[in-house]
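Me: I am new to this structure and would like to understand the words people use for it. Could you walk me through the reasoning behind them?

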Amino acid sequence: MSGGTSHQGGVREDMRESPDKKKLRRTHDKKDYTRQLEDMVDARTRELRDIRELLVRREKLVVLGKLAGGAGHELRRPLSVINNAVFFLKDVLKDADDKVKEYLSLIADEVQDAERIVSDLLDFSRAQPTEKQKADLSGIVDLVLDKIPPPAGIRVIPLFPEDLPCVEIDPGQISQVLINLIHNAYDAMPEGGHLTISGLSDKEHVRVQVADTGCGIARDNMKKVFEPLFTTKKRGTGLGLAISKNLVEANGGKIEIQSEEGKGSVFTIIFPAVG
């Protein structure tokens, strides 16, 4: 009996709490509650900021869609005239000094960049129907590399097995995707580097990986790379990757990215294999 009484008294003593302890506990509870409120406010602020940015981008896209078609066609005419003029001048000024040749080449390069921007605007502003056919991705890569040879200091390494299965795609649209990815890889390696384009397959899928040794993509930007109008380049529309994603998905595939800042990026396009 005495032992039981002692135990009950011990329990009652443990349950009693001094005023100082109660005050301290209430202080801690208030601090915890304040921290929770601050975390909730921060999370809500970030959410509202993301929503606002999304609405602004959508508004821009509406305006862009209305202007892009007409403006793109109007811009192509003078660009074509300039391009023809540069071709003519290069032909008749074969004996010109190096400075003249340098400026003619500079004009030609700038016109090519402008034409790419116009093409992006037109592609983004209109729906493109797919005309799928059985195709060999390695052959498409070869044709694309013939069109856009690498700048000085960049080595391109194609790695495609001979038995890579075919896929059912629109060759023209997927060529455009590869052109965008390869151009981006070149731009990411201004000091030179390696671009490896690999073909991989399993029983169900065919993958093409475009891997560069360039500047890579910051972690905060990874989730934005396929968003229209997002770009980290000083010059560019921010439409190339958004268009590429749309085209890949329209052809029944998907596109993925892996990147580490300072170590390069790997873009992978994946399609169902058809044998």
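Reply: Happy to help; what follows is a set of questions about the sheet, its salt bridges, a helix and a surface patch. One thing to keep in mind is that this is a predicted model.

Me: Let's begin with the sheet. What makes strand 2 and strand 6 edge strands?

Reply: The open sheet has five strands in the order 2-4-5-7-6, with mixed pairing. Strand 2 (154-159) and strand 6 (254-260) each have a single partner strand, so one side of each has no neighbour in the sheet. On average, neighbouring strands here are turned by 15° against each other, direction ignored.

Me: How do you know that strand 4 and strand 5 are paired?

Reply: Two strands count as paired when at least two bridges are found between them. Strand 4 (residues 193-201) and strand 5 are joined by seven bridges and run antiparallel, so the pair meets the cut-off of at least two. G199, for instance, has V208 of strand 5 as its bridge partner.

Me: And what joins strand 7 to strand 5 and to strand 6?

Reply: Seven bridges link strand 5 to strand 7, in antiparallel fashion. V206 has its bridge partner, F271, in strand 7. Strand 6 and strand 7 are also antiparallel and joined by seven bridges, and there K254 stands opposite I270 of strand 7. The hairpin of strand 6 and strand 7 has three residues between the strands, and G262 in this hairpin takes a positive phi near 85°.

Me: Why is strand 7 called mostly covered?

Reply: Strand 7 covers residues 264-272, and seven of its nine residues are buried. Buried means under 20% relative accessible area, so "mostly covered" fits a strand with seven buried residues out of nine.

Me: H205 caught my eye. Why is H205 called partly exposed?

Reply: H205 has 27% relative accessibility. Partly exposed covers the range between under 20%, which is buried, and over 50%, which is exposed. The value of 27% falls in that range, so H205 counts as partly exposed. This residue belongs to strand 5 (residues 205-212).

Me: Which residues does H205 touch, beyond those up to four places away in sequence?

Reply: H205 touches L200, I270, F271, P272 and A273. Another pair to look at is H205 and V167, which are 38 residues apart in sequence and 8.6 Å apart in space, C-alpha to C-alpha.

Me: Now the charged residues. How do you know that D202 and R207 form a salt bridge?

Reply: The test asks for a side-chain nitrogen of Lys or Arg within 4 Å of a carboxyl oxygen of Asp or Glu. For D202 and R207 the N to O distance is 3.3 Å, so the pair passes the limit of 4 Å. D202, at 38% relative accessibility, is partly exposed, and so is R207 at 26%.

Me: What other salt bridges can you show me?

Reply: The search of the whole structure finds six. Among them, K254 meets E256 at 3.6 Å, N to O, and E260 meets K263 at 3.6 Å, N to O. K254 is partly exposed at 45%, as is E256 at 38%.

Me: Why is K263 called exposed, while E260 is called partly exposed?

Reply: Exposed means over 50% relative accessible area. K263 has 59%, so K263 is exposed. E260 has 44%, so E260 is partly exposed.

Me: On to helix 6. Which of its residues are buried, and how does N246 fit in?

Reply: In helix 6 (residues 240-250), the residues G240, L241, A242, I243, S244, L247 and V248 are buried. N246 also lies in helix 6, but its relative accessible area of 45% makes N246 partly exposed. N246 and Q128 are 118 residues apart in sequence and 9.8 Å apart in space, C-alpha to C-alpha. After the helix comes G252, with a positive phi near 80°.

Me: Last one: what makes L89 fit for a surface patch?

Reply: A patch residue needs over 30% relative accessible area. L89 has 33%, so L89 passes that cut-off and counts as partly exposed. Together F88, L89, V92, L93 and V100 make a nonpolar patch of about 390 Å². L89 is found in helix 2, and helix 2 (residues 19-92) gives the most to the patch, with three residues.

Notes
Residues are numbered from 1 along each chain as its sequence is written. This is a predicted model: local features need pLDDT of at least 70, side-chain atom pairs count only at pLDDT 80 or more; totals for chains, interfaces and linings use all residues. Side-chain values use heavy atoms; hydrogens and water are left out. Patches are made of residues with over 30% relative accessible area and no salt bridge: like charges are joined within 9 Å, nonpolar side chains (Val, Leu, Ile, Met, Phe, Trp, Tyr) within 5 Å. Accessible areas come from the Shrake-Rupley method with a 1.4 Å probe; for residues, only the protein chains shown count as cover. Helices (H or I, at least four residues) and strands (E, at least two) are DSSP runs, numbered from the N terminus. Buried means under 20% relative accessible area, exposed over 50%, partly exposed in between (1.4 Å probe, protein chains only). Contact means heavy atoms within 4.5 Å. Axes are lines fitted to C-alpha atoms, for helices over the stretch in contact, and angles run from 0 to 180 degrees between N-to-C directions.
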